Amino acid sequence: MIFGPYTLLILLIFGASLLIQAYLSRTYSQWGNVRNSRNLTGAELARWMLDENGLSHVPVNAVPGALTDHYDPIRKVVNLSEANYYTPSVSALAVAAHEVGHAIQDKVHMPALVLRGHLAVPLSLGMNLAPLLLLLGVFLHFTGLIWLGVVLFAGALLFHLITLPVEFDASRRALAYLNGRGLVSGRESQGARAVLTAAALTYVAGFAMALAQLLNVLGIARSQED
């Protein structure tokens with residue numbers, strides 16, 4: 001890390017991110033040990049929800065690891081971690097419904113999801129190059145490289161900004177489906193909401209970190225020009 005005027009803020013957000021990750025793990029584990037009243041596994045819920053939304057062609061796969069659940073918009077596949085795929089828990093229902101929510105977004109061509117898909121590869125490359133360009137610019141006293149790094153950090157912030165409505169909408173769809181179909185009881189609904197809220201906080205933390213990093217490199221760029 002290059003020290004700048006917002007380094008302390010970055011460290012504070014990093015600390016908060018660790019706490020949020022711990023909170024997510026604890027919440028997910030808590031409701032992962034609670035069997036849902038419909039005795040549905042994540043795979044069964046995902047298959048049911050996909051079929052009801054005209055997505056019977058989208059497969060549901062089990063993938064290794066913990067909290068590795070994701071929807072692949074390129075291969076059109078819902079991937080669930082093995083625990084959520086096979087376990088009839090409240091956490092499994094919440095996570096599976098969330099990932100299917102992304103598949104539905106893909107079906108209806110949600111603008112934010114489409115934009116994120118188009119920008120994912122170039123912005124990912126930019127995120128990897130930005131720190132290197134910043135370091136080289138400071139070391140070589142070449143402000144052009146520093147400002148290019150600033151632009152790439154701004155791209156990272158844009159990616160996190162676009163991600164927020166995509167993730168929030170998928171969680172909204174998940175809860176609406178679970179509650180609307182009567183798949184969760186009152187207490188289970190609270191548990192599903194807690195799991196999805198904890199997961200959403202990680203994306204908020206990611207956006208806050210990207211913003212702090214952009215402010216930090218802006219401060220560095222301006223100081224190099226003085």
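Tutor: Let's start with a term: a polar contact is a pair of N or O atoms within 3.5 Å, where one must be able to donate a hydrogen and the other to accept it. Keep in mind that we're looking at a predicted model.

Student: Okay, so which side chain does the side chain of D106 make a polar contact with?

Tutor: That would be the side chain of Y71, at 2.7 Å. You'll find D106 in helix 4, residues 90-107.

Student: And is D106 buried or exposed?

Tutor: Buried means under 20% relative accessible area. D106 has 14%, so it counts as buried. Leave aside its neighbours within four places in sequence, and D106 is in contact with Y71, P73, K76 and L113.

Student: Let me step back. How many helices and strands does the chain have?

Tutor: There are seven helices and three strands. Going along the sequence, the pattern reads α-α-β-β-β-α-α-α-α-α. Of the chain's 226 residues, 47% count as buried.

Student: How do I check the span of a helix, say helix 1?

Tutor: Use 1.5 Å a residue: the 26 residues of helix 1 (residues 7-32) should span 38 Å, and the end C-alpha atoms are 37 Å apart, which agrees.

Student: Which residues of helix 1 are buried?

Tutor: First the general idea: an α-helix has 3.6 residues a turn, so residues three or four places apart point the same way. Now the case here: the buried ones in helix 1 are T7, I10, I13, S17, I20, L24, T27, Y28 and W31. Try picking them out on the model.

Student: What about two helices meeting? At what angle do helix 2 and helix 6 cross?

Tutor: Angles of 65 to 115 degrees count as roughly perpendicular. The axes of helix 2 (residues 42-52) and helix 6 (residues 143-180) cross at roughly 95° and come within 12 Å. So these two helices are roughly perpendicular to each other. On the helix 2 side, the contact is made by L45, W48, M49 and E52, while helix 6 brings R173, Y177 and L178. Sorted by class, that contact has five nonpolar, two charged and no polar residues.

Student: One last spot: which residues does Q224 touch?

Tutor: Not counting residues up to four places away in sequence, Q224 touches V138, H141, T143 and I146. Q224 sits in helix 7, residues 186-225, and is partly exposed, with a relative accessible area of 28%. For a sense of distance, the C-alpha atoms of Q224 and A46 are separated by 53 Å, with the two residues 178 apart along the chain.

Notes: Residues numbered from 1 in each chain as written. Predicted model: local features only at pLDDT ≥ 70, side-chain atom pairs only at ≥ 80, totals over all residues. Heavy atoms only, no water. Axes fitted to C-alpha atoms, helices over the stretch in contact; angles between N-to-C directions. Helix = DSSP H or I, 4+ residues; strand = E, 2+ residues; numbered from the N terminus. Parallel < 35°, antiparallel > 145°, perpendicular 65-115°, else oblique. Contact = heavy atoms within 4.5 Å. Nonpolar A, V, L, I, M, F, W, Y, C, P; charged D, E, K, R; others polar. Buried < 20%, exposed > 50% of the residue type's maximum accessible area, 1.4 Å probe, protein only. Expected span 1.5 Å × (residues − 1).
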